[in-house]
Amino acid sequence: MPSRHEDEPEDGYELDSGSSQLTPSEEQEQALLSEHDVEKLPQQRAREHPISLITRILRPRTIVPIIIGSILAIIALAIALKQVRTPGDYTLNPNWDYGVGPKRRVYNWTIQDIEKNPDGVYRPMMLVNGQFPGPLIECNEGDTIVVNVDNQAANATSIHWHGLYQNGTNWMDGTVGITQCPIAPNTRFTYDFKVDGQSGTYWYHAHQGVQAADGLFGPFVIHGKDEREQQKIEYHTDRVVMVHDHYYNLSSELLMEYLAPDQENAEPVPDSALINGMNVRDCSSLLHRKCDNSSASLPVFALESTKNHRLRIINVGAFAEFQLQIDEHEFAVTEVDGTDIWPAYYHRLKINPAQRYSIIISSNSTNSYWLRAQMITTCFAEPNPDMKGEARAIINYTTNPTEPSSPSPEPTSKDWNDVVELECRDMNTTELIPIEQIPPPSVADATFYLRTTFEIGAWRLSRGFFNQTSWRASAHSPTLLRAVDGLSSSNTSFISSGPSSTTSTSSLPEDILPNPFAFVNTAAFDATRELVLQTSGIRTVDLLVSNFDDGAHPLHLHGHKFWVLASGSSGYPSPSIYEDGTLNLENPLRRDTVTMEAFGWVLVRVVLDNPGMWALHCHVTWHAEAGLMMQVLARAEEVAKFEIPADVRGLCGKEGLERGMAPSDEIFMHQPDQPS
């Protein structure tokens, strides 16, 4: 058995990158015990003479597997005990070795349906190893991550590794209908990929339906060798703080209601807000719910006073933007979506779904302060009388945070008295300046103009659109597999035959110009369901997106980071945007999730150098399931060379793949008309 390391993952094993011998599995252990009939010994005890029984047990062929089995059981128990965290504790390893060589970090995850009451209210959840939120993955840049998934839940699922490039392993991106078929119930699948060329704060979540809202998510932190140098403020401790909206009903039930006729994009409104899966509800005000808050509590972060502390804030929610603040504190923002930035000082942080920010806090006092995470409820379509819109945690400064202490009293700190933001929008990205200066290419090879809308069509269904396309996932035929098969066989539908939706970068997109290297492929893909932007070679592309919807859209591009060149809150960009000198081409912010305001617009520039089929979608999960998703097929000539592993293709032949997906529009065809 490989040697264990002190800094190994809590629910996995850590091996040197050159090692090919993994820890024996539970199946091997069970097979060993079964082979020697050890499990039959208790039944035999009644029939055998005691001395005969002892003699049988002490035989070498019997005692050896018993000893081995006992050792394995002790190791398994130690691992399980090590997995038990203090609720809400996602503190990173203080003795982490940033300079150690590449490791192969192995995790064994069982996905199950479990009833939990995080804030007191019971609800069905879909969890990894029974843990909510899911286990922390902490690794170094250059490590290989292996996650053995055993799906014991009722629905099919997948895991997306949010913000990870997956360069060379596009089929491990975990996006149902694009890079893989879902993992069917009672099916096992292994994600195996190398983390390279990036560091910072990321996360993972289910990418089937809205399952992340059922609890299937967790943090993913990648340490860079120069992490401490890139962070310009030295810090003493490092931890993850996840904020998220929380629903008491199962996501599949809410999704069916949201997509039904006459809903007009009225997103499900959250019932509660949590910090690291924690909050406390007053059960007396929720008599119609099964509720017991005796085990619920608020997170408490014990920090040493006079020292700096890093909080990695992640919005892992399905819908709500949060404003986060700490009473009587200013803090420095030092990282955005995995990009280290020069410290920028604020007392409120605006964070939309899927975004990540690191902040540095400190205090010379030994007092306690409220950390408040408030959902911006003015962006919700309708009120929810049961909703508690704010989650709180306690920041407890002490001279020795390692000593056990009595429960922290509620802080008496004062909230900031300025007006809370009423609009859902990002932080001012022009104030967030990357430390590593990487200017974008001065000119794009092509510009694509995209419109985001919600439209009411057949059967009075409100659906999201990129241009004329409303995304529908195929559980059995992912676009990546179709693209690989078509490209490798020289299918002519993957070759540009003339006009495309690209324009020159010297003006806004008004004309249709031919571009065989960057075009919307309407020949190989059904443009009503799958909008695919296809490129060949390494191309620089501008995406100019206008939002014709009254809701904000945090747009996330898989497999890449982009530069945020410009954005606006209303109307259209200036017709002279490329000539008037307003674009920041020196060192704009690089990130993977940017928010368009209601009726606003955004211009991003991206170098499509990572071969694969990559999703571009709104990270309000309800919007994505309503159709607000498209794809980028980057470097098609390299995708043609992909060899998709057999186990990835094998997922598509399983039964039950549709379980957990959004309902088909056709199920609403025969519903009786509703009164107007």
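In which sense do strand S10 and S11 pair, and over how many bridges? Select residues 237-246 for strand S10 and bring up S11 next to it: the two pair in the antiparallel sense over four bridges. For one rung of that ladder, click His246, whose bridge partner in S11 is Ser272.

Stay on strand S11, residues 272-275, and show its side chains. Both faces are covered: Ser272 and Leu274 are buried on one side, and Ala273 and Ile275 are buried on the other.

**Color by confidence**

Keep in mind that this is a predicted model. Color it by pLDDT: the average for the protein is 87, and 82% of the residues score at least 70. Two stretches deserve some caution. Select residues 72-85, where pLDDT stays under 50 and the model has 19 contacts beyond four places in sequence. Then jump to residues 498-514, where pLDDT also stays under 50, with 47 contacts beyond four places in sequence.

**The six-stranded sheet**

Next, pick out an open sheet of six strands, in the order S25-S26-S34-S33-S28-S31 and with mixed pairing. Its edge strands are S25 (518-520) and S31 (593-596), each of which pairs on one side only. Look across the sheet and you can follow a twist that averages 20 degrees from one strand to the next.

Zoom in on the S25 end. Strand S25 and strand S26 (residues 532-535) pair in the antiparallel sense over three bridges. Select Ala518 and you'll find its bridge partner in S26, Thr535.

**An enclosed helix**

Now select helix H7, residues 479-488. Seven of its ten residues are buried, so H7 is largely enclosed by the rest of the structure. To see which ones, highlight Thr479, Leu480, Leu481, Ala483, Val484, Gly486 and Leu487. What's sitting on top of them? The cover includes strand S33 (612-618), strand S34 (629-634), helix H9 (636-639) and helix H10 (646-650). S33 and S34 should ring a bell, as both belong to the six-stranded sheet. Before leaving, click Ser490, just after H7, which takes a positive phi of about 60 degrees.

**A buried aspartate**

Where does Asp542 lie? Go to strand S27, residues 539-547, and you'll find it there. Asp542 counts as buried because its relative accessibility is 0%. Show its neighbors: leaving out residues up to four places away in sequence, Asp542 touches Ala444, Ala446, Thr447, Phe448, Leu565, Tyr578, Leu603, Val604 and Arg605. Then draw a distance to Asp445: C-alpha to C-alpha, Asp542 and Asp445 are 8.0 Å apart in space, while sitting 97 residues apart in sequence.

**Salt bridges**

Side chains of opposite charge can pair when their charged atoms come close. The count for this model comes to 28 salt bridges; here are a few to click through.

- Arg356 and Asp337: the closest N and O atoms are 3.5 Å apart. Arg356 is in strand S18 (residues 356-361), and Asp337 is in the loop between strand S15 (331-336) and strand S16 (339-346), 19 residues apart. Both Arg356 and Asp337 are buried.
- Arg425 and Glu597: the closest N and O atoms are 3.9 Å apart. This pair links distant parts of the chain, with Arg425 in the loop between strand S20 (390-398) and strand S21 (446-456), and Glu597 in the loop between S31 and strand S32 (601-608), 172 residues apart. Arg425 counts as partly exposed because its relative accessibility is 28%, while Glu597 is buried, with a relative accessible area of 18%.
- Asp426 and Arg591: the closest N and O atoms are 3.9 Å apart. Asp426 is in the loop between S20 and S21, and Arg591 is in strand S30 (residues 590-591), 165 residues apart. Asp426 counts as buried at 10% relative accessibility, and Arg591 counts as buried at 0%.

For the last stop, which residues are linked in a network of salt bridges? Select Glu227, Asp238, Arg310, Arg312 and Glu335 together and you have the network on screen.

Note on methods:
Residues numbered from 1 in each chain as written. Predicted model: local features only at pLDDT ≥ 70, side-chain atom pairs only at ≥ 80, totals over all residues. Heavy atoms only, no water. Pairing = 2+ DSSP bridges. Axes fitted to C-alpha atoms, helices over the stretch in contact; angles between N-to-C directions. Buried < 20%, exposed > 50% of the residue type's maximum accessible area, 1.4 Å probe, protein only. Contact = heavy atoms within 4.5 Å. Salt bridge = Lys/Arg side-chain N within 4 Å of Asp/Glu carboxyl O. pLDDT = per-residue confidence, 0-100.
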